[in-house]
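Subject: A structure for you to explore

Hi there,

Here is the structure I promised to pass on to you. Please open it beside this email and follow along as you read.

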Amino acid sequence: MALSGANKDGREVRIYEYLDELNTDLADYIAELSEASVKERGVFAIALSGGSLISLMGKLCEAPYSKTVDWAKWYIFWVDERVVAKNHADSNYKLAKDGLLSKVPIVPSHVHSINDTVSAEKAAEDYEFVIRQLVRTRVISVSDISDCPKFDLILLGMGPDGHVASLFPNHSILDEKEEWVTFLTDSPKPPPERITFTLPVINSASNVAIVVTGSSKAEAVHSAIDEVGPDCPTLPAKMVQPTKGNLVWFLDKAAASKLDGAKFSE
Ligand SMILES: O=C1O[C@H](COP(=O)(O)O)[C@@H](O)[C@H](O)[C@H]1O
């Protein structure tokens, strides 16, 4: 059984009693957005995070999705990446390749990973350049209220500290307004060197989903969604507020356990 609700800002919160239900609904959600985007624009530009998200997307590799999704129209990007070699265990690219991309017929030239042979600063600069080229050719749409790229879907995870992408609480990177992709060399979570989409890019997407499981994240979920606690205003997850797009939270029972008014009967 799933609980679902929308608040005044149009933000939707979906809570699942069982992980299998969350995984299936997440696959349905992504497949539906892919179909709508391919119908409207001919392509689907999706940006992935790393971490637990990739295994939660696992149903996409199975029937019916493996057959019904128009994989040839997918263009893949990373919302954030650790600046390590692509075959390193910490690489978000490797995680997605092993867990998803190698199991479905994605066109290799549509997979846009970062340059892993340069510094974090140069990798961020190069990645933004790649995105600018694809905005120019409209593989990625453009926001009609800023010059920001408008991804069809941005998928985020969230850490127990409320970080999303590589946007960490109280980090100056949260104030970045000009760059689309920026870098940090002092990530509080290892590895220290990372690149990340900035908040203006995340908040320009047509659709953003934040997918969170586990009790270690319940406090940050409560703070971000119920808008409580001293850390709330500067919690990166709370700062994800698409300007014109849709925001959906996918939560398991444990992650939702501290939310006001979201209780499953025992
Ligand atoms: O370091 C990172 O952490 C977040 C959250 O990861 P999770 O395993 O707790 O879901 C992830 O979304 C991000 O992409 C990654 O670089």
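Let me start with one term: contact means that heavy atoms lie within 4.5 Å. You are looking at a predicted model, in which local features need pLDDT of at least 70 and side-chain atom pairs count only at pLDDT 80 or more, while totals for chains, interfaces and linings use all residues. Residues are numbered from 1 along each chain as its sequence is written, and side-chain values use heavy atoms, with hydrogens and water left out.

**Two serines that touch**

Leaving aside neighbours within four places in sequence, S204 is in contact with S143, S146, C148, P149 and K150. S204 sits in the loop between α6 (199–202) and β11. Helices (H or I, at least four residues) and strands (E, at least two) are DSSP runs, numbered from the N terminus. Is S204 buried or exposed? S204 counts as buried because its relative accessibility is 11%; buried means under 20% relative accessible area, exposed over 50%, and partly exposed in between (1.4 Å probe, protein chains only).

The side chain of S204 also reaches the backbone oxygen of P200 at 2.7 Å. That is a polar contact, a pair of N or O atoms within 3.5 Å; within protein, one must be able to donate a hydrogen and the other to accept it, and residues adjacent in sequence count only if both atoms are side-chain atoms.

Its partner S143 belongs to the loop between β6 (141–142) and β7 (149–150). With 9% relative accessibility, S143 is buried. The side chain of S143 comes to 3.0 Å from the backbone nitrogen of I145. Beyond four places in sequence, the contacts of S143 are C148, P149, K150 and S204.

**Around the ligand**

Next, have a look at the ligand. There are 14 residues around it, and G50, S52, D80, K189 and K217 come nearest; a residue is near a molecule or strand if one of its heavy atoms lies within 4 Å of it. By class, this shell holds two nonpolar, seven polar and five charged residues. Here Ala, Val, Leu, Ile, Met, Phe, Trp, Tyr, Cys and Pro count as nonpolar, Asp, Glu, Lys and Arg as charged, and the others, Gly among them, as polar.

Which side chains place a polar atom by an oxygen atom of the ligand? D80 does so at 2.6 Å, R82 at 2.9 Å and N92 at 3.3 Å. Taken alone, the ligand exposes 390 Å², and the protein buries 92% of that. Accessible areas come from the Shrake-Rupley method with a 1.4 Å probe; for residues, only the protein chains shown count as cover.

**Inside the protein**

The largest nonpolar core has 93 residues. Such a core is a set of buried Ala, Val, Leu, Ile, Met, Phe, Trp, Tyr and Cys residues joined through side-chain atoms within 4.5 Å. The residues with the most contacts inside this largest core are I30, F77, F151, F197, W249 and L251. Its largest share, eight residues, comes from helix α1 (residues 19–41). Not counting neighbours within four places in sequence, the residues in contact with W249 include R11, M158, I210, V221 and A237.

V208 is part of strand β11 (residues 207–212), and at 0% relative accessibility V208 is buried. With neighbours within four places set aside, V208 is in contact with residues including Y29, L153, I202, V240 and L247.

I106 is in the loop between α4 (92–99) and α5 (120–136) and is buried at 11% relative accessibility. I106 and K73 are 33 residues apart in sequence, and their C-alpha atoms are 8.1 Å apart in space. Residues up to four places away aside, I106 touches W71, W74, I76, L101 and V111.

**Backbone details**

Where are cis peptide bonds found? One runs from A63 to P64, with omega near 5 degrees, and another from P190 to P191, with omega near -5 degrees.

Finally, compare A165 and N170. A165 lies in the loop between β8 (153–156) and β9, and N170 is found in the loop between β8 and β9. Phi is positive in A165, near 50 degrees, and in N170, near 65 degrees. A165 is buried at 7% relative accessibility, whereas N170 is exposed, with a relative accessible area of 68%.

Happy exploring!
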